[in-house]
Amino acid sequence: MIFVTIGTQIPFDRLIEMLDRIAPELDEEIYAQALRGKYKPKHFKLIDFIEPDEFEKVFAQARLIVAHAGMGTILSALRNSKPLVIFPRIALIGEHRNEHQRATALMIKENKYAYVATNEKELRELLHMDLRPLKKIGEFASESLVKSLKDFIDFNV
């Protein structure tokens with residue numbers, strides 16, 4: 001199952017419409033949590049909100065996560081060793097307030113934490129691949145990061 005989660009605050013019709021065009025080519029269910037916009041998908045079910053317990057269950061069962069560039073989803077995928085495809089919203093076309101999602105996606109891609117698609121062709125190619133998680137992170141900050149922060153605080157006190 002491919003789990004699509006793109007937040008519950010702003011619709012993302014461009015991505016939902018692309019996924020709806022790609023869905024018939026896939027031999028796999030798509031399950032999507034997204035605020036309903038103007039476009040209504042024909043090939044998969046879209047749910048406005050999933051309760052946290054159910055969300056965790058669906059997330060755990062998914063083979064692949066597709067998401068906007070939301071840090072909560074990115075961190076969850078990295079903690080749970082889930083392959084993640086990020087499709088950032090674009091402020092220039094009215095999908096968000098600023099271009100922070102594009103900047104986040106660029107950094108995630110450059111550091112090889114997740115896959116990034118910026119158009120339908122790239123998204124289609126990634127969805128047809130057998131993707132593997134690129135990195136895993138732990139529940140807590142690394143000891144070296146904690147030590148660096150402590151040293152910085154001690155130095156500036």
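**Close-up views of a predicted model**

Five aromatic pairs turn up when the whole structure is searched. The model is a predicted one. Two of these pairs are shown here, followed by other close-ups.

**View 1. Phe-3 and Tyr-31 form a tilted ring pair.** A pair of aromatic rings is described by the distance of the centres and the angle of the planes. For Phe-3 and Tyr-31, the centres are 5.9 Å apart. The planes meet at 45°, so the pair counts as tilted; the tilted class lies between stacked, under 30 degrees, and edge-to-face, over 60. Phe-3 belongs to strand β1, and Tyr-31 to strand β2 (residues 30–33). The two residues are 28 residues apart, so this pair links distant parts of the chain. Phe-3 has 0% relative accessibility and counts as buried. Tyr-31 has a relative accessible area of 17%. Buried means under 20%, so Tyr-31 is buried as well.

**View 2. Ring pairs build a cluster.** Phe-3 and Tyr-31 do not stand alone: ring pairs link them with Phe-55 and Phe-59.

**View 3. Phe-12 and Phe-87 form a tilted pair.** Their ring centres lie 6.0 Å apart, with 50° between the planes. Phe-12 is in the loop between β1 and α1 (13–22). Phe-87 is in the loop between β5 and α4. With their positions 75 residues apart in the chain, the pair links distant parts of it. Phe-12 is buried at 1% relative accessibility. Phe-87 is buried too, with a relative accessible area of 0%.

**View 4. Arg-89 reaches the backbone of Pro-11.** Arg-89 is found in the loop between β5 and α4. Is Arg-89 buried or exposed? Its relative accessible area is 2%, so Arg-89 is buried. The side chain of Arg-89 comes to 2.9 Å from the backbone oxygen of Pro-11.

**View 5. A charge sits over the ring of Tyr-113.** The charge is the charged end of Lys-135. It lies 4.4 Å from the centre of the Tyr-113 ring.

**View 6. Helix α3 has a buried side.** Helix α3 covers residues 71–79. Which of its residues are buried? They are Thr-73, Ile-74, Ser-76, Ala-77 and Leu-78. These buried residues pack against three strands and two helices: β1 (2–5), β4 (64–67) and β5 (84–86), plus α2 (52–61) and α4 (100–110). After α3 comes Ser-81, with a positive phi near 50°.

How values were computed:
Residues are numbered from 1 along each chain as its sequence is written. This is a predicted model: local features need pLDDT of at least 70, side-chain atom pairs count only at pLDDT 80 or more; totals for chains, interfaces and linings use all residues. Side-chain values use heavy atoms; hydrogens and water are left out. Buried means under 20% relative accessible area, exposed over 50%, partly exposed in between (1.4 Å probe, protein chains only). Helices (H or I, at least four residues) and strands (E, at least two) are DSSP runs, numbered from the N terminus. Contact means heavy atoms within 4.5 Å. Rings of Phe, Tyr and Trp (its six-membered ring) pair if their centres lie within 6.5 Å; planes under 30 degrees apart count as stacked, over 60 as edge-to-face and the rest as tilted. A charge sits over a ring if NZ of Lys or CZ of Arg is within 6 Å of the ring centre and within 35 degrees of the ring normal. A polar contact is a pair of N or O atoms within 3.5 Å; within protein, one must be able to donate a hydrogen and the other to accept it, and residues adjacent in sequence count only if both atoms are side-chain atoms.
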